[in-house]
Amino acid sequence: MSLTTPITIATLPALGAELQGGTFAGITTQPDGAHCAVILLPDQGSKLSWNAAVDWAKALDAELPTRPVAAMLFANVKVKLRPAWHWTSEEDDASSAWSCDFYDGYQSSFHESFEGSAVAVRLIPLTA
């Protein structure tokens, strides 16, 4: 069950404004071409392995950001982020996953057992 309600581009608030229980961070396009509003949730996890971070986000009915969405979060809502390494949803290989340092925006991969921070996002479909 989704906690979000589809919205239109015309009704989106300014970047950084409250939207459906979080902060509106921008728009992303899914591989299938669908456009979604990215909502940064207020909860932030810390000292989580990658698998624990994935599970933590799912428990919030959300997901970890992709690498491009993590870059967008840093660019658009940096003031809402802790300046530390945060997991993304993308694995690099069988034992490592990508993360983004919200201090300077740098992205790197770490072993999945590394205990990093995490933010959760919801992607809300945009309708015509």
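Two strands count as paired here when DSSP finds at least two bridges between them. With that in hand, welcome to a set of close-ups of a predicted model.

**View 1. Strand β6 and its partners β5 and β7.**
Let's start with strand β6, which spans residues 96–101 and is mostly covered, with 6 of its 6 residues buried. Which way do its side chains point? S96, W98 and C100 point one way from β6, while A97, S99 and D101 point the other way, and all are buried. Strand β5, residues 85–93, pairs with β6 in the antiparallel sense over 5 bridges. Strand β7, residues 107–111, also runs antiparallel to β6, and 5 bridges join these two.

**View 2. Two hairpins, one from β5 to β6 and one from β6 to β7.**
How many residues does the hairpin between β5 and β6 pass through? It takes 2 residues to join β5 to β6, and D93 stands opposite S96 in β6. The hairpin formed by β6 and β7 has 5 residues between the strands. In that turn, look for G105, whose phi is positive at about 85°. Across the pairing of these strands, A97 stands opposite F110 in β7.

**View 3. The surroundings of W50 in helix α1.**
W50 lies in helix α1, which covers residues 50–59. Is W50 buried or exposed? Its relative accessible area is 8%, under the 20% limit, so W50 is buried. Leaving out residues up to four places away in sequence, W50 touches L64, W87, T88, S89, E91, A97, E112 and F114. Two of the contacts of W50, namely W87 and F114, return in the next view. For a sense of the fold, compare W50 with S96: 46 residues separate them along the chain, and their C-alpha atoms are separated by 8.4 Å.

**View 4. Aromatic rings around W87, F110 and F114.**
A pair of aromatic rings is described by the distance of the centres and the angle of the planes. The model holds 4 aromatic pairs. One of them joins W87 and F114 edge-to-face, with 5.9 Å centre to centre and 75° between the planes. Because W87 lies in strand β5 and F114 in the loop between β7 and β8 (116–127), this pair ties together parts that are 27 residues apart in sequence. W87 is buried, at 1% relative accessibility, whereas F114 is partly exposed at 31%. F114 also pairs with F110, this time in a stacked arrangement: the centres are 4.6 Å apart and the planes differ by 15°. F110 is likewise partly exposed, with 22% relative accessibility. Ring pairs link W85, W87, Y106, F110 and F114 into a cluster.

**View 5. R67 over the ring of W98.**
Here is a charge to keep an eye on: R67 lies over the face of W98, at 3.5 Å from the ring centre. W98 itself is one of the residues of β6 that are buried.

**View 6. A62 in the loop between α1 and α2.**
A62 sits in the loop between α1 and α2, the latter being residues 67–77. Its relative accessible area of 14% falls under the 20% limit, so A62 is buried. Which residues does A62 contact beyond its neighbours within four places in sequence? They are L41, A57, A120, V121 and R122. A62 and I39 lie 23 residues apart in sequence, with a C-alpha to C-alpha distance of 9.5 Å.

**View 7. The nonpolar cores.**
In soluble globular proteins, nonpolar side chains tend to be buried together. The largest nonpolar core in this model has 21 residues, and I7, L12, A37 and L64 have the most contacts inside it. The elements giving two or more residues to this core are β4 (35–48), α1 and β8. Helix α1 gives the most, with 5 residues. Neighbours within four places in sequence aside, L64 is in contact with W50, A53, V54, A57, W87, T88, S89, A118, V119 and V121. Another core lies apart from the largest one; it has 14 residues, including L73, F74, L81 and V119.

**View 8. Two buried cysteines, C36 and C100.**
C36 is buried at 7% relative accessibility, and C100 is buried at 1%. How many disulfides does the structure hold? The count is 0.

Terms used
Residues are numbered from 1 along each chain as its sequence is written. This is a predicted model: local features need pLDDT of at least 70, side-chain atom pairs count only at pLDDT 80 or more; totals for chains, interfaces and linings use all residues. Side-chain values use heavy atoms; hydrogens and water are left out. Buried means under 20% relative accessible area, exposed over 50%, partly exposed in between (1.4 Å probe, protein chains only). Helices (H or I, at least four residues) and strands (E, at least two) are DSSP runs, numbered from the N terminus. Contact means heavy atoms within 4.5 Å. Rings of Phe, Tyr and Trp (its six-membered ring) pair if their centres lie within 6.5 Å; planes under 30 degrees apart count as stacked, over 60 as edge-to-face and the rest as tilted. A charge sits over a ring if NZ of Lys or CZ of Arg is within 6 Å of the ring centre and within 35 degrees of the ring normal. A nonpolar core is a set of buried Ala, Val, Leu, Ile, Met, Phe, Trp, Tyr and Cys residues joined through side-chain atoms within 4.5 Å. A disulfide is a pair of cysteine sulfur atoms within 2.5 Å.
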